Structures are given as C-alpha cells and as structure tokens.
Amino acid sequence: MDNPIDTTYGRTTNETAIEIDQEKKRRGVQLSFKNITYKIRNQKYKQQLKSKNPAEKPEKEIVLLKNVSGNIDKGEFVGLMGPSGSGKSTLLDVLAKRKSTGTISGSILVNGCKIGSDYKKMCSYVTQEDTLLQTATVFETLKFYADLKLPASFSDNEKIERVEQVLDDIGLKEQAHSKIGGTLPGGMVLKALSGGEKKRVSIGCALVTNPSLIFLDEPTSGLDSVNALSIMKILLNLTHKGVTVVCSVHQPRSEIWNLFHKVMLVLKGKMAFIGTSLEMNKYFEDLGYPLPNHTNPADFYLDSAVLLANSDRYDDVVERWQQSWEVDGCNENTLIQSVIHKEDLVSVSYFCQYRVLLRRCFKDFFRNLGNIGSRLATSIVLGLLLAACFGGLKNNQTDLPKVTGVIFFLIACLNITPFTSIAIFLSSRTLFNAERAAGIYKTLPYYLAAMTIEILVATVCSFSMAAITYGISHLRWEVNRFFFTMLAYVFVHLLSEFVVLTIANLTGTMDTTFSIGSFLCGVFQLFAGFFVPTQELPKAFAWLHYLSPLFPAFVTITVNQFQDTSIDCPEIGPCLYPTGNDVLIKYGIQDISRGAAFGALAGWTTFYFITTFLALVYLNKEKR
Ligand SMILES: Nc1ncnc2c1ncn2[C@@H]1O[C@H](COP(=O)(O)OP(=O)(O)OP(=O)(O)O)[C@@H](O)[C@H]1O
C-alpha cells in the first residue's frame, strides 16, 4: 500500500497512529488565543452622525470580534464554521497576523508562549481566491516560493527536492509541468488547470516552507463536492505530519464534516463553541436543537446557528460558552509548554529576490505572445506609416514643416503607445498585492524586476518605430545625431510609460487611468512647444510648458536635428529659414543646448520612475 494512512474519516490504523502521534509531538504547535477583540474605524461615522436620530449614537469603532478565545491542539484539523458575515475570515486573519488595519487586543500563545516575530515564519495562509501566475507551470510556481521563502543555505537541489515533496503532498506530480492557465490580460487563453487543481497549487505554495500551522479561508468554496473532499483529505494528511490546520468552511458535506478533529463556531463576532463533532451534537441538543436522523450535521448546525444568532438567547449562549471555556478550556493544564518547531528561515536578500522575480517576469512576458507581438507590431507598423507619409524628405524650405512635423508625430506616437500596458500592469497588481500581503518579497525588488523587462521592451519598440521613420524620412544622417535622437525617443517612450503607470498605481482602475492619462497626454503634447512656440503662448498659460516633459523632448530632438545646419533656399522667392538655427529661433529654443534639454527629459523620466514606485508602495495596498 502506498499510503498506510486511512484518511477516510480522520482515523488511522494502529501501526501508523503511534508514528503520527510522535510527529505531532515533534513538530506540531498548539495555538491558544484569549480574549481576542478586533475593532476597526467606522468609516461611515460622520455620515451616520448627521442622519441618525440623536438618541441612537453611532459608534466611532466597529467591533468585528469580541473576546474570542479558543484552543487548538498540535496536529489538529479544525473547521471554523459560522453564518455568512459572522467573522470567520476576520478571525483567521487575526490569528495568522495578516491584519493591516484596525486594532487587535488579547493574546495569542503558541505552545504556551507569547508569539514573536518568528510566528509568521511558522505559519502559512491560503486565501479564498487563487492568485497564481497563469503563465507559470505548477512546478515553477512552487519553485518560485521555494526560491523566495526557503533559507539561502538551501541549495538549488534541496529546493527542488522540497518542491517535489510538496507536489507529492498535494497530489499534482503528474501536472507538475502544466501551466496554471486561464485568460491572459490581452485576451490570449491558455489551457487551464481545474479549480480543484488550482486550489491544490495554492495549498502547495503555503506548504513549501514546511509550516507547522496553516490557515485556509474557505478552501472548498467554488469546488464541486468531489474536489472539495479531496482537498480536505490533503489537509487531513498534513495533520498526520504534525501540521495544525485551521480552515473556515461554509456548508461541508457530511464526509468532510467527519474529517474534522474539532469544530469552532463563531456567531456575530463571538465564539459560541469549540469541540468535537460529538460534543457539538450534545451542545446543540442542550440548546434545544437535536440533530434529526439522516441529516447533514453541518447543514443542520449552520441553520440552527443562524436561528440562535438572531434569537433573544444569543447573548446568554455566548456568555455561557465564554465562562465555561474560561474554566475548562483555558487553564494552565491545557497549555503545552514545549519547544516551538521552526525552520531556520531567514529572508533572502533583495538581490536574490530581484533575480528570482526577474526570471519569472521574463518567462511571463515571453509566454504572453499576444502582448509582445501586438506591441512590437504596433511600433513597426506605426513606424512604416510615418515613413510612408514623411519618406524621402529633402533638406529644403518646402519640406521643412514636414521635418518638424515628423519629429512631433514620433513624440506623440511614443507618448500614447504605453496605454497598451495598462491592462497587463493592472492585472499583475492583483497577484503582486496578494504576494506582498503574504510577505513573499519586498516591493523594491518586484518593481525593479518588472521595470527591467518593461524598459527592455519599451526600448526595443521605441527604437524600432523611431529608427524606421528616421531612416526612411532622411533626417539628419550623422551617426552621433542618429543615436542621440534614438536615445531621446526611447526616453520619451519610457517617460510616457512611467506617467501611465504612476496613474495606474494611484487610481488602481483601468477607466480612470485611461481618462486621466489621455488628459495628461493632451496637455503634454499641446504644451510641447510644437503647435504654439513657447514665446507665443498666452502669458497666463506659458508656465505650463515647464510642466510638460514633452517640451524638453521636442527641444532636444529639434536642436539635434537643426543646430548648425544649412537649409536649401528656393531659386525664386523668399528664403525664411536659410539655416537650422533660424528654425530654432522660430521655436524660441535657440539658447537651449541639446544636452541640457536631454538632461531635463532624463530628469522627468527619473521623476516618474520614482512616482510609479512610491504609488506602488503606498497606494492601493491590499487592506485587510
Ligand atoms: N474592513 C471592514 N470594514 C467594515 N466591515 C468589515 C470589514 N471587514 C469585515 N467587515 C464585516 O465584518 C463582518 C465579518 O466579516 P468576515 O468576512 O470575517 O465574515 P465571514 O464569516 O468570513 O463571512 P463569509 O462567510 O460571508 O465570508 C461582516 O459583517 C463584514 O461585513
């Protein structure tokens, strides 16, 4: 027999029972929590103050959990139940130390000791939604976690061994090289794993660090009953290895119900019961809700819990439970004072995080061929269209407006093409927010890795568009002038990319990014100095060109094109601009050097690079 453990109903054969017991003692953790109260600020306080009648004073704070206490033993599989909105997810978040808002009071003890900074290293959390990178394979997803969460002392082979062990634990060995799949931003569809398989991968990610304690928020939600049962059996198997598992559940089928060692019942933010399913039968029977024959206990108890929560007896029932728990459940004897098992986990360096993230970004980018293909194709086609309109320009007075025209058009095109990245960027934010909340990596290495790829792609795209146009239009053909112009165009593209990403990070939504972004593009282009030279702008608005990063871009490229050149005059008639310097005088930029203007362009680019990062760090954080 491959697996000697009979997991059908949470019982084990005699031979393995001793082994399991030893494993629980060796690495399990006991979790006790006492008088946990969690409050958050009432966001609607001011509004309620105005609208409510003065007798009903609104509270400044909302209490989501009140005096919640409980005890979970080593290697126990605990189901957290309660009607919708009763506070199950909140309690899991508080116990897993994932709350980033509100105030928490009360104590959490692990093996009888107050928890310290190591606590987060010994526990893992699996969110309700599976936030996984669609283009990565199952193996790569787990390896990513292993690279970032296992100590640097682990060799690559050891990390692979750990990943293989986890693949075995979650029963996905055969799918190790299948992609997670789904619809990629941009519309490309990759063949996807099933919902149950994705959930197993999420559990696998939490298992890579070999945690002693694992919290799961509704791991069976959205799964059919067969998949739900198989997920629960995987979790039960973990408890045989000493892991303590706590998961919230809605209405589990009876086979799942029977797997739990203990059930916790939360009602309206208060603990109403903790105990085995047999003890729960008795508890509800005493309350006047005996379990009828042939009824799913979970369904029945949940329905009864809803009735209880809305009855007059609610306060009395939770109060009685609190008192009895203080006598029986929370005394010195129930606390297991023993050494806490924890791996020697150290955070990997920023550079290592950058390397791992860069590798993932690189693969992700090149596996989404729809995105890379459309961006490159757009650049090349736009370059060819610009070249078709402005091809073979001559160095004379007739073609002069076209030369400044092509310079401006290229700037304008490179200014708007970054809008194509908004969808990709915003969709990767969801994954980033979830991974950041789980503390897998820091924001800086993530940002630098994502930007490294973005800068490379933006450089290739803008260079292709600009070089095609420049070459076919016969602009100033000197090697250093050519490369200087190309560099300036690349910066225009990068700058525009960072402007759009700053807005995307500030607003977090596609619609607002589009509307604010297009407004800014319009303003930047209008005040770039091309349509209306700066000296001709109305005084009240003239200062706006200082705020347009496209102004230094237009200046540096125009100066580079025209400085110290001569322009052919017609044989008959006036010659308005016999030299390039006359063109610069027309635009009022004759006194600005191309280097100074380029410096300003680079300065704006750096400014928006930093604002993108700051917006990523401080705004649109996942608040729990
Ligand atoms: N940040 C918040 N601000 C205001 N109310 C909140 C906040 N977070 C949770 N709540 C409220 O606290 C209560 C408990 O929420 P929680 O998500 O923990 O319930 P739950 O039992 O997990 O519900 P479900 O089973 O539907 O997921 C709900 O009434 C919810 O609306």
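**Exercise 1. Identify the residue of β9 that stands opposite Tyr125, and place this pair within its sheet.**

*Solution.* Tyr125 stands opposite Phe215 in β9. The model is a predicted one, in which local features require pLDDT of at least 70 and side-chain atom pairs count only at pLDDT 80 or more, while totals for chains, interfaces and linings use all residues. Residues are numbered from 1 along each chain as its sequence is written.

Step 1. Consider the two strands. β6 pairs with strand β9 (residues 213-216) in the parallel sense, over four bridges. Strands (E, at least two residues) and helices (H or I, at least four residues) are DSSP runs, numbered from the N terminus. Two strands pair if DSSP finds at least two bridges between them.

Step 2. Place the strands in the sheet. The order β6-β9-β10-β3-β11-β12 describes an open sheet of six strands with mixed pairing. Its edge strands, each pairing on one side only, are β6 (123-126) and β12. From one strand to the next, the twist averages 15 degrees.

Step 3. Add the helices. Helix α8 (residues 225-240) packs on the sheet and touches β3, β9 and β10 (244-248). The direction of α8 makes about 155 degrees with that of β10. Helix α10 (residues 277-286) lies across β11 and β12 and runs at about 125 degrees to β12. Axes are lines fitted to C-alpha atoms, for helices over the stretch in contact, and angles run from 0 to 180 degrees between N-to-C directions. Contact between two residues requires that their C-beta atoms, placed from the backbone, lie within 7 Å.

**Exercise 2. Explain why strand β11 is described as largely enclosed, and describe its pairing.**

*Solution.*

Step 1. Examine burial. Strand β11 (residues 262-267) has six of its six residues buried, so it is largely enclosed by the rest of the structure. A residue is buried if 20 or more other C-beta atoms lie within 10 Å of its own, exposed if 12 or fewer, and partly exposed in between, with C-beta atoms placed from the backbone.

Step 2. Separate the two faces. On one side the buried residues are Lys262, Met264 and Val266, and on the other they are Val263, Leu265 and Leu267.

Step 3. Examine the parallel partner. Four bridges join β11 to strand β3 (residues 77-81) in the parallel sense. Met81 has Leu265 of β11 as its bridge partner.

Step 4. Examine the antiparallel partner. Strand β12 (residues 270-275) runs antiparallel to β11, with five bridges between them. Val266 stands opposite Met271 in β12. The hairpin of β11 and β12 has two residues between the strands, and in it Lys268 takes a positive phi near 45 degrees.

**Exercise 3. Determine which residues surround the ligand and which elements supply them.**

*Solution.*

Step 1. List the shell. The residues around the ligand are Ile40, Ile62, Leu64, Gly82, Ser84, Gly85, Ser86, Gly87, Lys88, Ser89 and Thr90. A residue belongs to this list if its C-beta atom, placed from the backbone, lies within 6 Å of the molecule.

Step 2. Assign the elements. At least two shell residues come from each of β2 (61-72) and α3 (88-95). The largest share, three residues, comes from α3.

Step 3. Classify the residues. Three are nonpolar, seven polar and one charged. In this scheme Ala, Val, Leu, Ile, Met, Phe, Trp, Tyr, Cys and Pro count as nonpolar, Asp, Glu, Lys and Arg as charged, and the others, Gly among them, as polar.

**Exercise 4. Classify Asn111, His294 and Tyr587 as buried, partly exposed or exposed.**

*Solution.*

Step 1. Asn111 is in the loop between β4 (103-110) and β5 (113-114). Although Asn111 is not a glycine, its phi is positive, about 50 degrees. It counts as partly exposed because it has 19 C-beta neighbours inside 10 Å.

Step 2. His294 lies in the loop between α10 and α11 (297-309). Its phi is also positive, near 55 degrees. With 5 other C-beta atoms within 10 Å, His294 is exposed.

Step 3. Tyr587 occupies the loop between α23 (580-586) and α24 (594-618). Its 21 C-beta neighbours inside 10 Å make Tyr587 buried. Not counting residues up to four places away in sequence, Tyr587 touches Gly529, Pro533 and Thr558.
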